[in-house]
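Here are some short exercises to work through with the model open beside you. Try each task yourself before reading its solution.

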Amino acid sequence: MRWQDEPFKIEVKAGDKKSFCSCGKTKNPPYCDGSHKGTSVEPYRETFDKDRTVSICGCGNSKMMPYCDGSHRCFLTNNE
């Protein structure tokens, strides 16, 4: 899945529950829209304990999914 070459910056509040796409088929990235139904794939579900900004992977190469680990920088460098 590759939606964009940079992370999604998302403001979350303490207690927020979010489901992030792991199948790559959502029409509302990076959020799960249920497109995985009928498969064995499950979304990344997160409950946040404090207010903060999170960086959610947009390139699909992170080793820390659903969070960005900077992998998009390598992708951009290798394909410019």
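Before starting, note that this is a predicted model, in which local features need pLDDT of at least 70, side-chain atom pairs count only at pLDDT 80 or more, and totals for chains, interfaces and linings use all residues. Residues are numbered from 1 along each chain as its sequence is written, and side-chain values use heavy atoms, with hydrogens and water left out.

**Exercise 1. Place Lys-50 and list its contacts outside the neighbouring sequence.**

Step 1: Lys-50 sits in the loop between β3 (44-47) and β4 (52-56); strands here are DSSP runs (E, at least two residues), numbered from the N terminus.
Step 2: Its relative accessible area is 48%, so Lys-50 is partly exposed (buried means under 20%, exposed over 50%, partly exposed in between, with a 1.4 Å probe and protein chains only).
Step 3: Setting aside neighbours within four places in sequence, Lys-50 is in contact with Val-12, Lys-13 and Ala-14; contact means heavy atoms within 4.5 Å.

**Exercise 2. Find the aromatic pairs and classify each one.**

Step 1: Rings of Phe, Tyr and Trp (its six-membered ring) pair if their centres lie within 6.5 Å; planes under 30 degrees apart count as stacked, over 60 as edge-to-face and the rest as tilted. By this rule there are two aromatic pairs.
Step 2: Trp-3 and Phe-8 have ring centres 6.1 Å apart and planes at 65 degrees, so this pair is edge-to-face. Trp-3 is partly exposed at 23% relative accessibility, whereas Phe-8 is buried at 15%.
Step 3: For Phe-20 and Tyr-31, the centres are 5.8 Å apart and the planes at 25 degrees, so the pair is stacked. Phe-20 belongs to strand β2 (residues 17-20) and Tyr-31 to the loop between β2 and β3, so the pair ties together parts 11 residues apart in sequence.
Step 4: Phe-20 is buried at 1% relative accessibility, while Tyr-31 is partly exposed at 25%.

**Exercise 3. Which residues form the largest nonpolar core, and which strand supplies the largest share?**

Step 1: A nonpolar core is a set of buried Ala, Val, Leu, Ile, Met, Phe, Trp, Tyr and Cys residues joined through side-chain atoms within 4.5 Å.
Step 2: The largest has seven residues: Phe-8, Ile-10, Val-12, Phe-20, Phe-48, Val-54 and Ile-56.
Step 3: β1 (8-12) and β4 each provide at least two of the core residues, and β1 gives the largest share, three residues.

Key: Helices (H or I, at least four residues) and strands (E, at least two) are DSSP runs, numbered from the N terminus.
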